[in-house]
Amino acid sequence: MAAQIIDGKAFAATVREKVAGHVARLKEENGITPGLAVVLVGEDPASQVYVRSKGKQTVEAGMNSYEHKLDADTSEEDLLAVVNQLNNDPNVHGILVQLPLPGHLNEDLIINSIDPAKDVDGFHISNVGLLGTGQKSMVPCTPLGCLMMLRDHHGSLSGMDAVVIGRSNIVGKPMAQLLLGDSCTVTIAHSRTKDLPDVVRRADIVVAAVGRPEMVPGDWIKEGATVIDVGINRIERDGKNKLVGDVDYASAVERAGAITPVPGGVGPMTIACLLANTVTACCRANGLAEPEGLTA
Ligand SMILES: NC(=O)C1=CN([C@@H]2O[C@H](COP(=O)(O)OP(=O)(O)OC[C@H]3O[C@@H](n4cnc5c(N)ncnc54)[C@H](OP(=O)(O)O)[C@@H]3O)[C@@H](O)[C@H]2O)C=CC1
Ligand SMILES: Nc1nc(=O)c2c([nH]1)NC[C@@H]1CN(c3ccc(C(=O)N[C@@H](CCC(=O)O)C(=O)O)cc3)C=[N+]21
C-alpha cells in the first residue's frame, strides 16, 4: 500500500496563519511588531533563494524583515559588529546568520555572539544546552518542523524507535534531542555507522538528514514506517535541474506508512518555524504569554 503523503507545504501554511494571528494581536494589543533580521555573507545562489523566501514570508505574516547582505570577504570583526548592532536593536527580535559562512569566518564564534534570546535558529551553545537538558529554549527550525509533522501524524511518539541519519549540529543532533524528549528510543546514524540498512530497518520513524541525493532506498524502510526527508539536493536528470531528498521517494513511498516529499515537505516547515520562533522570541522579550502550539 502506498504511503500517506505528509503535506509540509499545506501544514506550513497553517503554521504561518497562526503566526500571522499572533502578530496581529501583538500589534493591536501591545503595539509591538516582531522583527526578524537575516544576515547573508557572500553570494551563494541557493542561500539567496532561501533568504528571499524568508523575507517575503516574514512580511506576509505582518512582521518586519531586515536583510543584511555582506560581501564574501567580510572580516570576522565586521560581521561581529553587525551581529552586535542587531543584538542591541530593540526592533529586532530574531537574528539568523545564514550558514555555511565563507571559510575564513569562525562559525561557532559568530553564532555564539548572537544574543541567545534572539537566536531563532537555536544554534547558540546556551540554547543547545537548554534543549539537551529539557529546559525552555529556542529550538532549531528544521527539527522543530519535523517534530510538528510527526506529532500531527502520530499524536504521541512515546516508545517508538526513531533513527536519525546525520549528526550535524543544525539538524541531526537537535532532531535526536527532540525525539528523545518525546520519549522515542533514538539512534543517531552517520557516515561511520556499521550496517546502516539494518539500523534503518528497525525504525518506526526515519529522519534522513545526510545531503546525499536519494541515498536511502525503499527496501531499507520498515513496512509502514514514517519517513521524514530533510535532504535538499539539486541534481540534473533528463537534462533538467531537479530538487530531490536523501530518500529515494519512488521506492520508499511503496513501503512507508507516511512520507514527506521534496520539495513540499520539511523545507516549507523550516521557514514557518523560523517565523514562529521569531514571534516566540518577541513575546519572551516583552514578558508576554507565549503563543500556543508554536513551540516544542
Ligand atoms: N529542509 C530544510 O529545511 C533543510 C535541509 N537541509 C538539508 O539536509 C541535508 C543535511 O544537512 P546538514 O545536516 O546540514 O548536513 P551535514 O553535511 O552537516 O551533515 C551530514 C551528515 O550526514 C552524515 N553522512 C554523510 N554521508 C553518510 C553516509 N553515507 N551514511 C550515513 N551518514 C552519512 C554525516 O556523517 P559524519 O558526521 O560522520 O560525517 C553527517 O553527520 C542536506 O541535504 C541539506 O541541504 C539542511 C538544513 C535545512
Ligand atoms: N542559519 C541557517 N538556518 C537555516 O535554517 C538554514 C541555513 N542557515 N542554511 C541553509 C539551510 C537550508 N534551509 C532551507 C530552508 C527552506 C527550504 C525550502 O523552503 N525548500 C523548499 C524548496 C525551495 C526550492 O525550490 O529551492 C521545499 O523543500 O519545498 C530549504 C532549505 C535552511 N537552512
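The exercises below, each with a worked solution, concern a predicted model of a protein chain with two ligands.

**Exercise 1. Domains**

Task: State into which domains the protein chain is divided, and how far apart their C-alpha centres lie.

Solution:
- Step 1. Take the division of the protein chain: domain 1 covers residues 31–115, and domain 2 covers residues 141–268.
- Step 2. Take the C-alpha centres of domain 1 and domain 2; the distance from one to the other is 28 Å.
- Step 3. Turn to the UniProt record, an unreviewed entry, which places "domain: Tetrahydrofolate dehydrogenase/cyclohydrolase catalytic" at residues 6–121. Helix makes up 48% of this span and strand 16%, and its end C-alpha atoms are 24 Å apart.
- Step 4. The UniProt record, again as an unreviewed entry, also lists "domain: Tetrahydrofolate dehydrogenase/cyclohydrolase NAD(P)-binding" at residues 140–284. Here the chain is 37% helix and 21% strand, with 17 Å between the end C-alpha atoms.

**Exercise 2. The sheet of three strands**

Task: Give the order of the 3 strands in the open sheet that contains β2, and explain why β3 and β4 each have one side without a neighbour.

Solution:
- Step 1. Write down the order, which is β3-β2-β4, with parallel pairing.
- Step 2. Look at the edges of the sheet. β3 (64–70) and β4 stand there with a single partner strand each, so one side of each has no neighbour in the sheet.
- Step 3. Check how the strands are turned: ignoring direction, neighbouring strands of this sheet make an average angle of 15°.
- Step 4. Follow one pair in detail. Strand β2 (residues 35–41) is joined to β3 by 7 bridges in the parallel sense. Leu40, for instance, stands opposite Lys69 in β3.
- Step 5. Add the helix: α2 lies across β2 and β3, and its direction is at about 170° to β2.

**Exercise 3. The sheet of six strands**

Task: Find the order of the 6 strands in the other open sheet, and explain why β1 and β6 each lack a neighbour on one side.

Solution:
- Step 1. Read across the sheet: the order is β1-β11-β8-β7-β5-β6, and the pairing is parallel.
- Step 2. Find the edge strands. They are β1 (4–5) and β6 (185–189); each has a single partner strand, so one side of each stays without a neighbour in the sheet.
- Step 3. Examine one pair: β8 (residues 226–229) and β11 (residues 258–259) run parallel and are joined by 2 bridges. In this pairing, Thr226 has Ala258 of β11 as its bridge partner.
- Step 4. Place the helices. Helix α7 (residues 172–181) packs on the sheet and touches β5 (161–165), β6 and β7, with its direction at about 170° to that of β6. Helix α6 (residues 141–154) lies across β7 (205–208), β8 and β11, at about 160° to β8.

**Exercise 4. The two ligand shells**

Task: For each ligand, state how many residues surround it and which come closest.

Solution:
- Step 1. Start with ligand 1, which has 25 residues around it; the nearest are Gly166, Ser168, Ser191, Gly211 and Thr270.
- Step 2. Sort this shell by class: 10 residues are nonpolar, 12 polar and 3 charged. Helix α10 (residues 266–285) supplies the largest share, 3 residues.
- Step 3. Go on to ligand 2, surrounded by 18 residues, of which Gln98, Leu99, Pro263, Gly267 and Thr270 are the closest.
- Step 4. Find where the shell of ligand 2 comes from. Two or more residues come from each of α2 (45–60), β4 (94–97), α6 and α10. The most, 4 residues, come from α10.
- Step 5. Sort the shell of ligand 2 by class: 12 nonpolar, 5 polar and 1 charged.
- Step 6. Relate ligand 2 to the domains: domain 1 and domain 2 each give at least three residues to its shell.

**Exercise 5. Backbone angles**

Task: Say which peptide bond is cis at Pro100, which is cis at Pro263, and where phi of Ser183 lies.

Solution:
- Step 1. Recall the general rule: most peptide bonds are trans, and most residues other than glycine have a negative phi.
- Step 2. The peptide bond from Leu99 to Pro100 is cis, with omega near -5°. Pro100 sits in the loop between β4 and α4 (107–111).
- Step 3. The peptide bond from Val262 to Pro263 is also cis, with omega near -5°. Pro263 belongs to the loop between β11 and α10.
- Step 4. Ser183 is not a glycine, and its phi is positive, near 65°. Ser183 is found in the loop between α7 and β6.

Conventions:
Residues are numbered from 1 along each chain as its sequence is written. Chains are lettered from A and ligands numbered from 1 in the order in which they are written. This is a predicted model: local features need pLDDT of at least 70, side-chain atom pairs count only at pLDDT 80 or more; totals for chains, interfaces and linings use all residues. A residue is near a molecule or strand if its C-beta atom, placed from the backbone, lies within 6 Å of it. Ala, Val, Leu, Ile, Met, Phe, Trp, Tyr, Cys and Pro count as nonpolar, Asp, Glu, Lys and Arg as charged, and the others, Gly among them, as polar. UniProt positions are given in the numbering used here, feature names are shortened, and annotations may be inferred rather than shown by experiment. Two strands pair if DSSP finds at least two bridges between them. Two residues are in contact if their C-beta atoms, placed from the backbone, lie within 7 Å. Axes are lines fitted to C-alpha atoms, for helices over the stretch in contact, and angles run from 0 to 180 degrees between N-to-C directions. Domain bounds come from an automatic or database domain assignment.
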